[in-house]
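The report below is meant for someone meeting this structure for the first time. It moves from annotated positions to helix packing and then to points of unusual backbone geometry.

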Number of protein chains: 2
Amino acid sequence: MSNPIHTDRASLQAADATDPLASFKDRFSLPEGLIYLDGNSLGPLPLGAAERAAEVINNEWAHGLIRSWNTAGWFEMPSRLGDKLARIIGGNDGETVVTDTTSLNLFKALASAVRIQQQDAPERRVILTERDNFPTDIYIAEGISDFLNSVNSETSEHYEVRLIDENLTLEQALDDSVAVLALSHVNYRTGAMWDMDSVTAAAHAAGALVIWDLAHAAGAVPVDLNGADADYAVGCTYKYLNGGPGSPAFIWVNERHQGRFWQPLTGWWSHAAPFEMADSYTAANDVRRFLCGTQPITSMAMVECGLDVALEADIDLVRAKSLALADLFIALVRERCGEFGLELVTPEVHAERGSHVSFRHPEGYAIIQALTDRGVIGDYREPEVLRFGLTPLYLSYTDIWDAVEILRDVLETSSWDVPAYRTRHAVT
Amino acid sequence: MSNPIHTDRASLQAADATDPLASFKDRFSLPEGLIYLDGNSLGPLPLGAAERAAEVINNEWAHGLIRSWNTAGWFEMPSRLGDKLARIIGGNDGETVVTDTTSLNLFKALASAVRIQQQDAPERRVILTERDNFPTDIYIAEGISDFLNSVNSETSEHYEVRLIDENLTLEQALDDSVAVLALSHVNYRTGAMWDMDSVTAAAHAAGALVIWDLAHAAGAVPVDLNGADADYAVGCTYKYLNGGPGSPAFIWVNERHQGRFWQPLTGWWSHAAPFEMADSYTAANDVRRFLCGTQPITSMAMVECGLDVALEADIDLVRAKSLALADLFIALVRERCGEFGLELVTPEVHAERGSHVSFRHPEGYAIIQALTDRGVIGDYREPEVLRFGLTPLYLSYTDIWDAVEILRDVLETSSWDVPAYRTRHAVT
């Protein structure tokens, strides 16, 4: 599938017939007749997840009751699932926990990185990220910065969130005031991907620590955090990892920081001896320091079902098919919808993009609504961006063909009666 | 049941027969033959909750996919469930959200209270709590304090966590340096209950804001946050509210603070316009400011099943039966187990206790293990405390009789072969 342009549906059916990942579609429950191009927002239900939840509820909760914290392994679940997830992102055992939300885990990672710099290089008070990052990542950086500055209102030593944008390159921004660089590996809107190895090395050379948000990368592209020598990573499990709506997120920390990392969300689960009920805090001397409060067990248990499917798939095959699906999608949109003014905003160079493809169009919102009504689910992101997730485990080449044909039909027939009040999807 | 001492099992059966709450037991799935005295740690499964989870998984997730954020009401769930929960704790509509964990919500409440005081009374830098509080509550206060102090290491204006204990009364501790008082309404270990009205009034008179942790109070005792004029409250839904293992917690904030409260966990769900994807943070002008990241929908949906049962029960009847069960339990332990050295650590005055009863015994851990083996589930808390939750919705007076008979049998026959390594329950 290296150059699918000028193809036809029969050729794509042939490609599907030899697709080594084709059988993975049978591992998911997908509605009949739907082409789901939004697995980068909420992945579908893996077979077995409903049964796993029922087991948690009807056996572990109803029958085991409080005993299940030990007997059903609830207490070990964040670390056990973390170790499984680590194999997908290049982590070692003991570097990852599944817990809380991506936002909260980013807060913990930022707080930890800032604390290390307070000790090693206290003059570094800049949190560097990019204007086009997922907004929450900027907000969390602002939240930390504002919080720290609130006690220092009369001094000039303020924390600052600095944004890479069209006026400030990464290289320009990485000066000796930067404490930590926090970037999304794959951009939530455009699908653009940073080169993790070179960016991490540049940040380290400039004296900054590095946090990677893998929300749109984990399970979608090959990630090797230890290979890149990153410091922290966070991400979610409900997109390409198919953990379920709002399933708990993850946080990874390079083991070299485990002796000294610190974060202020110091709940019981991060204590060195949580059941001694000591009246002051002593942090666990490992990745459990990034745990905090009691986790939603039913939702967390289902994360494992998605991880198990992901771990069976060869990530190199996943990546190759993802790129082929995207190349096909871009080529077909150009060929079949060229006259409708869709502007590609995703980089075409393979090494520079993740696993979703986005186009800009002034009627983007209305187009996405019309596609949804026709059984093709993508999503819309301000401003004017139509976003399509290309998930190799359950999408076929013919799905892409069919989706583009429906897109063409929508573009040909719609009158763009955009509702005055736009109700939108709730999550990235 | 005002004075059940010198009773017998037949009299208690008669009391059960006229118990106006007796039918609520049929609303829960409880293992046959088990006497569950740990509903203050993890409440049992309400009937309907498994079906609700299956509906979320098999219909809303599998079929609705990303559309369910709107069509299945996921986006409104934290506020909708918060308004339901508010009716149990004396909150008004729009003052409560169900979200995250109790630990995190306490962090948000503390951060918000500290920020208000930074503006109104910046010299107030003490977070006041008590040494016997649930340890996480102290740890979170330490976490905030350490975090703020980390940027101010060379000045004397440090935040401080001050602990009420046997050497420092509440009255002594409430001086003009106190920014915020954070207490658990009902103590997790002893069951002792603060008088919310008078403590809140005393704190306000001293210029402090007040946060109540309702983990062991919500659904167990009558709570009227607005009646007490409290400032903030947090709590969990998996104890007396029967929301399921690790189900999301809640946070309440008095509407008078809603124009100015602030907290640094500034995730997308707390933004004034989360889907405009603005590149800087603007807080929602209501209780949604206390939301942060994407919530675990399956676990959260089941919270409603527990709330619906709780809302059907008259809290005054619940409280009356709770006190009667506890009076009976204490009296029977004295009468039947008097020679075994169990020391009551729960206050006997009704107004001074919640809905669990604790005893201290040097072999407390072994006794709890032996009781568990005999089908009576309580739990153990350091040091040497046997804790028994008395939950009126699914416990009968004869359950208490039978539990004490088994306790007596355990005390009579055990040789206290305590394991060297004690594996304990994981949550309060």
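## Annotated positions and their surroundings

A:H216 is buried, with a relative accessible area of 4%, and its place is in the loop between strand 8 (209–213) and helix 9 (225–228) of chain A. The model from which this value comes is a predicted one.

A:H216 is one of the residues to which an unreviewed UniProt entry assigns the feature "binding site". The others in that record are A:T102, A:S103, A:F134, A:P135, A:T136, A:D137, A:D213, A:Y238, A:W268 and A:T294. Because these positions span 193 residues in sequence and the farthest two C-alpha atoms are 30.2 Å apart, they do not all gather at one spot.

Another of these annotated residues, A:T102, belongs to helix 5 (residues 102–120) of chain A, and A:T102 is likewise buried, with a relative accessible area of 15%. When neighbours within four places in sequence are left aside, A:T102 is in contact with A:D213, A:V234, A:G235, A:C236 and A:A249. Of these partners, A:D213 is itself listed in the UniProt "binding site" feature.

A further annotation in an unreviewed UniProt entry, "modified residue: N6-(pyridoxal phosphate)lysine", covers A:K239. This lysine, A:K239, lies in the loop between strand 9 (232–235) and strand 10 (250–253) of chain A, where A:K239 is buried at a relative accessible area of 1%.

A:V303, in helix 10 (residues 297–312) of chain A, is also buried, with a relative accessible area of 1%. Not counting residues up to four places away in sequence, A:V303 touches A:L81, A:T237, A:G243, A:S247 and A:P248. A:V303 and A:A62, which are 241 residues apart in sequence, are 21 Å apart in space from C-alpha to C-alpha.

## Helices that pack against each other

Two packed helices are described by the angle between their axes and the distance between the axes. The table sets out two such pairs.

| Helix pair | Angle | Axis distance |
|---|---|---|
| Helix 5 (residues 102–120) and helix 6 (residues 135–149) of chain B | about 45 degrees | 10 Å |
| Helix 11 (residues 315–337) and helix 13 (residues 397–413) of chain A | about 30 degrees | 10 Å |

With helix 5 and helix 6 of chain B packing at an angle of about 45 degrees, helix 5 of chain B is oblique to helix 6 of chain B, and the crossing of this pair is right-handed. From helix 5 of chain B, the residues B:S103, B:L106, B:F107, B:L110, B:A111 and B:V114 meet B:T136, B:D137, B:I140, B:A141, B:I144 and B:L148 of helix 6 of chain B. By class, the residues of this contact divide into 9 nonpolar, 2 polar and 1 charged.

For helix 11 and helix 13 of chain A, the angle is about 30 degrees, and these two helices are therefore roughly parallel to each other; their crossing is right-handed. Residues of helix 11 of chain A that make the contact include A:L325, A:L328, A:F329 and A:L332, while those of helix 13 of chain A include A:I400, A:W401, A:V404 and A:L407. The contact of helix 11 of chain A with helix 13 of chain A has 13 nonpolar, no polar and 4 charged residues.

## An enclosed helix in chain B

Helix 12 (residues 364–373) of chain B is largely enclosed by the rest of the structure, because 8 of its 10 residues are buried. The buried residues are B:G364, B:Y365, B:A366, B:I367, B:I368, B:A370, B:L371 and B:T372, and what covers them includes strand 13 (376–377), strand 14 (379–381), strand 15 (385–389) and helix 13 (397–413) of chain B. Just after helix 12 of chain B, the backbone at B:G375 takes a positive phi of about 85 degrees.

## Backbone details

Which kind of peptide bond joins B:E382 and B:P383? The bond is cis, with omega about -10 degrees, and B:P383 is placed in the loop between strand 14 and strand 15 of chain B. In chain A, the peptide bond from A:E382 to A:P383 is cis, with omega near -5 degrees, and A:P383 lies in the loop between strand 14 (379–381) and strand 15 (385–389) of chain A.

Positive phi values also occur in residues other than glycine, including A:D100, where phi is near 55 degrees, and B:N242, where phi is near 60 degrees. A:D100 is found in the loop between strand 4 (96–98) and helix 5 of chain A and counts as buried at 7% relative accessibility. B:N242 has its place in the loop between strand 9 (232–235) and strand 10 (250–253) of chain B and counts as buried at 3% relative accessibility.

Methods: Residues are numbered from 1 along each chain as its sequence is written. Chains are lettered from A and ligands numbered from 1 in the order in which they are written. This is a predicted model: local features need pLDDT of at least 70, side-chain atom pairs count only at pLDDT 80 or more; totals for chains, interfaces and linings use all residues. Side-chain values use heavy atoms; hydrogens and water are left out. Axes are lines fitted to C-alpha atoms, for helices over the stretch in contact, and angles run from 0 to 180 degrees between N-to-C directions. Helices (H or I, at least four residues) and strands (E, at least two) are DSSP runs, numbered from the N terminus. Angles under 35 degrees count as roughly parallel, over 145 as roughly antiparallel, 65 to 115 as roughly perpendicular and the rest as oblique. A crossing is left-handed if the near helix is turned anticlockwise from the far one by less than a right angle, and right-handed if clockwise. Contact means heavy atoms within 4.5 Å. Ala, Val, Leu, Ile, Met, Phe, Trp, Tyr, Cys and Pro count as nonpolar, Asp, Glu, Lys and Arg as charged, and the others, Gly among them, as polar. UniProt positions are given in the numbering used here, feature names are shortened, and annotations may be inferred rather than shown by experiment. Buried means under 20% relative accessible area, exposed over 50%, partly exposed in between (1.4 Å probe, protein chains only).
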